[in-house]
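Q: I'm new to this one and would like a close look at a single part. Please start with the backbone oddities, then follow what sits around them and widen the view from there.

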Amino acid sequence: MSSSSTASGHLAASGLADVASSEASLRRFLHGLPGIDAVGLQARASGLGTRSIKTTAKAYAIDLAISMIDLTTLEGADTPGKVRSLCQKAKNPDPGNPDVPHTAAVCVYPDMVPFAKEALGGAPINVAAVATAFPSGRAGLPVKLADTAEAVAAGADEIDMVIDRGAFLSGRYLEIFELIAEIKKACERPDGTAAHLKVIFETGELVTYDNIRRASWLAMLAGADFIKTSTGKVTVNATPANTLVLMEAVRDFRNATGVQVGVKPAGGIRTTKDAMKYLVMVNEILGDDWLSPDWFRFGASSLLNDLLMQRQKLASGRYSGPDYVTVD
């Protein structure tokens with residue numbers, strides 16, 4: 001049985017299968033979700049961020065964070081050579097130390113997928129491709145489906161899609177639901193397997209925390225395997241507060257349906273201190289079940305370098321500086 005049919009069975013058992021039967025019922029459900037106290041949410045996120053991780057636990061947490069990174073290059077000037085170099089770094093973050101774990105994935109544009117697959121070879125590292133008119137999400141459905149299908153056919157293991165924020169903010173929830181469901185189908189391969197689908201909200205453009213919660217439930221109901229804060233291409237990307245909303249949503253969704261969904265904060269997470277804050281949040285809000293690259297990721301391009309420098313400092317007692325790591 002496919003993961004999508006299993007999820008459908010869980011939704012039916014939880015009484016949520018008909019939530020998206022019409023625009024009215026979907027709106028009623030989403031606007032019936034509990035409201036968010038913005039001040040309380042921000043205070044809680046800030047409080048979790050003050051907790052420290054000590055020596056031995058910090059060493060473990062640094063390696064865990066490295067293993068959770070989607071090492072990313074999403075620039076118009078990307079070349080096959082740059083992607084190959086990034087893949088080598090994903091496989092061997094510190095060439096002088098084989099004990100450093102590899103990253104979870106490499107995230108690229110669809111046309112770069114073949115080069116990433118070739119460079120990674122048989123390494124247990126996924127190739128994620130951004131699709132559906134990334135980063136704006138403003139294109140017709142045929143274009144979005146073709147974008148996804150191209151990446152999957154090229155060997156993408158994961159698809160990071162973006163929702164049309166204009167449609168969402170206009171209240172066209174069923175349109176968004178159907179888009180995600182169609183992209184989910186486009187992730188299927190002829191052999192019955194499927195690329196995992198990560199749905200990006202661009203939380204910085206959704207205006208309110210209530211909207212972020214609604215978008216989270218909307219994506220999960222439509223079949224998202226992961227929900228993701230941001231593209232990294234706008235002013236406000238991942239924050240502890242908006243990521244906390246996603247964490248609470250996946251926790252509540254699993255409690256309601258039995259279906260576990262992953263979380264990926266992306267954009268603006270650059271330092272080990274930042275990463276530690278998010279891992280504390282995962283531990284406190286979601287627990288051990290999510291403390292794995294299978295269920296939690298960092299979308300980042302520069303975070304890995306800082307983690308490597310902090311790892312070296314813990315091992316030697318000296319801060320090695322930026323020359324210790326390779327330039328992306």
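A: Let's get one yardstick ready: a residue is buried under 20% relative accessible area, exposed over 50%, and partly exposed in between (1.4 Å probe, protein chains only). This is a predicted model, so local features need pLDDT of at least 70 and side-chain atom pairs count only at pLDDT 80 or more, while totals for chains, interfaces and linings use all residues. Residues are numbered from 1 along each chain as its sequence is written, and side-chain values use heavy atoms, with hydrogens and water left out.

Start in the loop between β3 (126-131) and α7 (141-153), where you'll find Thr132. (Helices are DSSP runs of H or I with at least four residues, strands are runs of E with at least two, and both are numbered from the N terminus.) Thr132 isn't a glycine, yet its phi is positive, at about 60 degrees. That's worth a glance, as most residues other than glycine have a negative phi, and most peptide bonds are trans. Thr132 is tucked away too: its relative accessibility is 0%, so it counts as buried. The loop between β3 and α7 also holds Pro135, and here's another oddity: the peptide bond leading from Phe134 to Pro135 is cis, with omega near 0 degrees.

Now hop over to the loop between β5 (196-200) and α10, home of Val207. Val207 is another non-glycine residue with a positive phi, near 75 degrees. Is Val207 buried or exposed? With 70% relative accessibility, Val207 counts as exposed. Thr203 sits in the loop between β5 and α10 as well, but Thr203 has 5% relative accessibility and so counts as buried. What surrounds Thr203? Setting aside neighbours within four places in sequence, Thr203 is in contact (heavy atoms within 4.5 Å) with Ile212, Thr229, Ser230, Asn237, Asn242 and Leu246.

Back to α7, to see what it packs against. The axes of α7 and helix α9 (residues 173-186) come within 9 Å and cross at roughly 30 degrees. That makes the two helices, α7 and α9, roughly parallel. (Axes are lines fitted to C-alpha atoms, for helices over the stretch in contact, with angles from 0 to 180 degrees between N-to-C directions.) From α7, the contact uses Leu141, Lys144, Leu145, Thr148 and Val152, and from α9 it uses Leu179, Glu182, Ile183 and Ala186.

For another helix pair, look at helix α5 (residues 80-91) and helix α6 (residues 113-120): their axes also come within 9 Å, and they cross at roughly 40 degrees. α5 and α6 are therefore oblique to each other. (Under 35 degrees is roughly parallel, over 145 roughly antiparallel, 65 to 115 roughly perpendicular, and the rest oblique.) On the α5 side, the contact is made by Pro80, Val83, Arg84, Cys87, Gln88 and Lys91, and on the α6 side by Phe115, Ala116, Glu118, Ala119 and Leu120.

Two more threonines are worth a stop. Thr72 lies in strand β1 (residues 69-72) and, with 17% relative accessibility, counts as buried. Thr72 and Cys107 are 35 residues apart in sequence, but their C-alpha atoms are 4.6 Å apart in space. Not counting residues up to four places away in sequence, Thr72 touches Leu86, Cys107, Ala300 and Ser301. Thr272 belongs to helix α12 (residues 272-286) and is buried at 3% relative accessibility. Leaving aside neighbours within four places in sequence, the contacts of Thr272 are Lys58, Ile62, Leu303, Asp306, Leu307 and Gln310.

Finally, zoom out to the nonpolar cores (sets of buried Ala, Val, Leu, Ile, Met, Phe, Trp, Tyr and Cys joined through side-chain atoms within 4.5 Å). The largest one has 96 residues, and the members touching the most others are Leu26, Ile159, Ile227 and Phe298. Helix α10 (residues 209-222) supplies the largest share of this core, 9 residues. Apart from it lies another core of 7 residues, including Leu74, Cys107, Ala128 and Ile200. As for Phe298, leaving aside its neighbours within four places in sequence, it is in contact with Ala65, Met68, Ile69, Asp70, Lys264, Pro265, Ile269, Ala275, Tyr278, Leu279 and Leu303.
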